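Trainee: Could we go through this model together, asking what each label rests on?
Mentor: Happily; here it is.

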Amino acid sequence: MIDAADLTIRELREIDLLDPGTFVDYDLSSLWRALRRESPIYRHPRGFWVLTRYEDLVAVYKDPARFGSHGGNVLATLTAGGDSAAGSMLAVTDGPSHRRMRAALVDSLRPRTIGALAEPLRARTSELVRKMVSGTPFDFATEIAERLPMGTICDLMGIPEGDRAQLLEWNKQALSSDLPGATESDAQLARGEILMYLTELVQERRDDAGTDVVSELIAHLPDDGRPLSDEEIVYNCYSLLIGGDESSRMSAICGVLAFCDRPDAWRRVRAREVGLDSTVEEILRWTTPAMHVGRRARQAVDFLEQQIAEGDIVTLWNTSANRDDAIFQSPDTFDPARQSNRHLAFGYGPHFCVGAQLGRLELRILLDALRASVTEMALAGEPQRVYSNFLFGYSTLPVVFS
């Protein structure tokens, strides 16, 4: 991996942020530092604006009137011309429709529903971790991390056990790839398969309702008296499935990697010198699974002395903002005891992630299980990064638990 500090600022600005390989080939920490300091907003050669400072991201997150999500919220769809789910999926909808869908999702993910998942998740997590504490190398990514978030979100949606492995494979191709060379067509195919599966699932639940989130979304009656359409339910279930798996899985993998690299940090957590709540927040900040979020300017905007034209793509790089030294003390230090950790891993403002509570619960339960069983953790090989310009994380993590 090349440290971007070896490049000049001119060359840094020309690194292709659309190329998934960029995020595997380069350590971009120095890039983000340089841009925050010298060019907090700049127009990338591929035609989109890049924002890197925490305060600027928050300003855009809070301003859906000028920076909309309706055209898409990631580079892949924005640069392709737009998102087919616009107006039907919470993440790519603004205004009254957004508020209407958000109310339905928040209601279906209420604390009582999330709380009911805790005990099954705790039992499943503890069993998986105990099996791997043998001093024998194994891949944490596939043997533990892949089996937890996907299982939980499928429990939430009432998805049969026999369908989950295939859904996981599609999920892993929808936003990233384990290998170089995957194309946007491959990702679109995977996303299409998930949508077709969910379309059939929604029809099944209309015919035979259960107590799962899909059934609750079907039954939900918004304030305007108009139930969610099949298309709205399918797209929002898709968002729950993708987001509920990918972000939690990558956070778990990156958290364990951080502890493997820093044995003293794990000793402090295991000895209960550091609480699990602050540890969860630091893992989320440190990982930042969703590296960027995209917006499209809904009108001409004068921003940081730059003229953003109506229709321009504006990208908010959470991965940079979460290392902004104007907000975080010693931001390049992994500190499980960090306080006032106002990271942007779940976004900010009207589009703050509706699944944040579940993501935090999953990570806390995993840490609790590790703390109960694992004295030491160490790398047993080289982790492999996923290929994505959106998702940060690893497809493999060889480790030894003792």
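Trainee: What covers the buried residues of helix 14?
Mentor: In this predicted model, the cover includes helix 13, helix 15 (276–287), helix 17 (356–373) and strand 11 (377–379). Contact means heavy atoms within 4.5 Å, and helices (H or I, at least four residues) and strands (E, at least two) are DSSP runs, numbered from the N terminus.

Trainee: Which residues of helix 14 are called buried?
Mentor: Ala265, Trp266 and Val269. Buried means under 20% relative accessible area, exposed over 50%, partly exposed in between (1.4 Å probe, protein chains only), so these three fall under 20%.

Trainee: What puts them on the same side of helix 14?
Mentor: They cover an arc of only 100° around the axis, taken from the directions from the helix axis to the C-beta atoms.

Trainee: How do you know that strand 11 and strand 14 pair?
Mentor: Pairing needs at least two DSSP bridges between two strands; three join strand 11 to strand 14 (residues 398–401), so they pair, and they run antiparallel. In strand 14, Phe401 is the bridge partner of Met377.

Trainee: Why is one side of strand 11 left without a neighbour in the sheet?
Mentor: The open sheet has the order 6-14-11. Strand 11 stands at an edge with a single partner strand, so one side has no neighbour in the sheet; strand 6 (138–139) is likewise at an edge.

Trainee: And the conventions?
Mentor: Residues are numbered from 1 along each chain as its sequence is written. Local features need pLDDT of at least 70, side-chain atom pairs count only at pLDDT 80 or more, totals for chains, interfaces and linings use all residues, and side-chain values use heavy atoms, leaving out hydrogens and water.
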